[in-house]
Amino acid sequence: MTEVTTAEQPVRLHRAPKPADAAPNARWKVSDVEALLALPLTELMHRAQLVHREHFDPTEVELATLLSIKTGGCPEDCGYCPQSVHYDTGVEAGKLMDAGAVREAAEAAKAAGATRFCMGAAWREPKDRDIEKVAELVREVKSLGLEACCTLGMLSEGQAQALKGAGLDYYNHNLDTAPEAYGRIITTRDYQDRLDTLDHVRAAGMSVCCGGIVGMGESRAERAALITQLANLEPYPESVPINELVRVEGTPLADTDKIDPFEFVRTIAVARITMPKARVRLSAGRQQMDEALQALCFVAGANSIFYGEKLLTTGNPEVERDRALLSRLGLRARHALQG
Ligand code: SAM
Ligand code: DTB
Ligand code: SF4
């Protein structure tokens, strides 16, 4: 996004997004991904399972715990987000957590069996002095032997390098929806802003965690375009969180119709097929899903979940419940970091 300052206020000029398969060497065409989404469910699941077991042990699920290290008061207007200052959702704005409290939370996550710890901040973009503080938090998490992930909004090249220098393994920055649908959901930044940050993360040598949200009223073609966009990144992300919209009262998307659960499962399966080596994470939205649906997501190739009673500001299933679910399904948590 470019900003032009006039006498009154800055005018933001959005750059028109390119279609998800615009690059001449694009691996995937939106039409191919749409055709996958439209397969008979049994056929789609079979294909997803074949791909899944080529690269992973299909009985193993990664557990990643989230912590909101800086909550609320975000200047962005993402239509799904309870932390935007534009919407009245009851989320109170807080300050950046200190290192001791973060360490405690990371220790508890490790003791409960998580191997990845993801710290989220409700920023449009961090300031350089925020990066210094977050670098300290990253060092705390790394000293416990956990994989560290951060999601802090847009990053400059230098900020990405500083986080890499502190030992950060993954940076989460979601594309969230299809390029063509982005302007319906967010007006305070454009798609290219997201792609630029992903480039900075890659250039710094970190692994990329990038996915999206389904159930925001998008069409199947738009879901196909989101997956195509992710799968055509060069290289595609190592982690792909697929969130179902958590409909939070006060946000513009609060009254969106709930997505057909089978359509959600299809999206997971197509993410698995198009990004064979990625950790596909069954992310936000599990609290609204019954256990049979979650099981179907694992069968479709999901091999990671957010683990712990809270996502950032909304709820997630209890740890005991998740442990019982994995046990009933004969699945096991990924242990220490063997790759
Ligand atoms: N502010 C940073 C940013 O937007 O990149 C990091 C935090 S932001 C909360 C991280 C991601 O959470 C968003 O990109 C979106 O995918 C997800 N998210 C936020 N609200 C959600 C909701 N209500 N339902 C599902 N996912 C949501
Ligand atoms: C991601 O894809 N989903 C997570 C994490 N990355 C940062 C966030 C989900 C947030 C759900 C709404 C909330 O709890 O505020
Ligand atoms: Fe801010 Fe991130 Fe929420 Fe958007 S998704 S309002 S950038 S915290």
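This passage describes the surroundings of ligand 3 and the parallel strands β3, β4 and β5 with their partners in a predicted model.

In the predicted model, ligand 3 is enclosed by a shell of residues made up of C74, E76, C78, Y80, C81, S84, A122 and R189. By residue class, this shell comprises five nonpolar residues, one polar residue and two charged residues. The space that ligand 3 takes up is the largest cavity.

Strand β3, which spans residues 60–70, is mostly covered, with eleven of its eleven residues buried. Several parallel pairings involve this strand. With strand β12 (residues 332–333), β3 pairs in the parallel sense over two bridges, and in this pairing V61 stands opposite A333 of β12. Strand β11 (residues 304–306) also runs parallel to β3, to which it is joined by three bridges, and here A64 has F306 of β11 as its bridge partner. With strand β4 (residues 116–121), β3 forms a parallel pairing over six bridges, within which L66 is matched with C118 of β4. The connection from β3 to β4 passes through helix α3 (residues 99–112), and the resulting β-α-β crossover is right-handed.

Strand β4 is likewise mostly covered, since six of its six residues are buried under the cut-off of under 20% relative accessible area. In a regular strand, the side chains alternate between the two faces of the sheet. In β4, both faces are covered, with R116, C118 and G120 buried on one side and F117, M119 and A121 buried on the other. The residue C118, which belongs to the first of these two sets, is also the bridge partner of L66 in β3.

Beyond its pairing with β3, strand β4 pairs with strand β5 (residues 147–151) in the parallel sense over five bridges. In this pairing F117 of β4 stands opposite A148 of β5, and F117 is itself among the buried residues of β4, lying on the side that also carries M119 and A121. Helix α4 (residues 128–143), together with β4 and β5, makes a β-α-β unit that is right-handed. Strand β4 thus takes part in two parallel pairings, with β3 over six bridges and with β5 over five bridges, and right-handed β-α-β arrangements are found both from β3 through α3 to β4 and in the unit of β4, α4 and β5.

Definitions and conventions
Residues numbered from 1 in each chain as written. Chains lettered and ligands numbered in written order. Predicted model: local features only at pLDDT ≥ 70, side-chain atom pairs only at ≥ 80, totals over all residues. Heavy atoms only, no water. Near = heavy atom within 4 Å. 1 Å grid on protein atoms, 1.4 Å probe; cavity = no way out; pocket = protein on both sides within 12 Å on 5 of 7 lines; lining within 4 Å. Sits in = over half its atoms within 2 Å of the grid points. Nonpolar A, V, L, I, M, F, W, Y, C, P; charged D, E, K, R; others polar. Buried < 20%, exposed > 50% of the residue type's maximum accessible area, 1.4 Å probe, protein only. Helix = DSSP H or I, 4+ residues; strand = E, 2+ residues; numbered from the N terminus. Pairing = 2+ DSSP bridges. Right-handed = clockwise from strand over helix to strand, strands pointing away.
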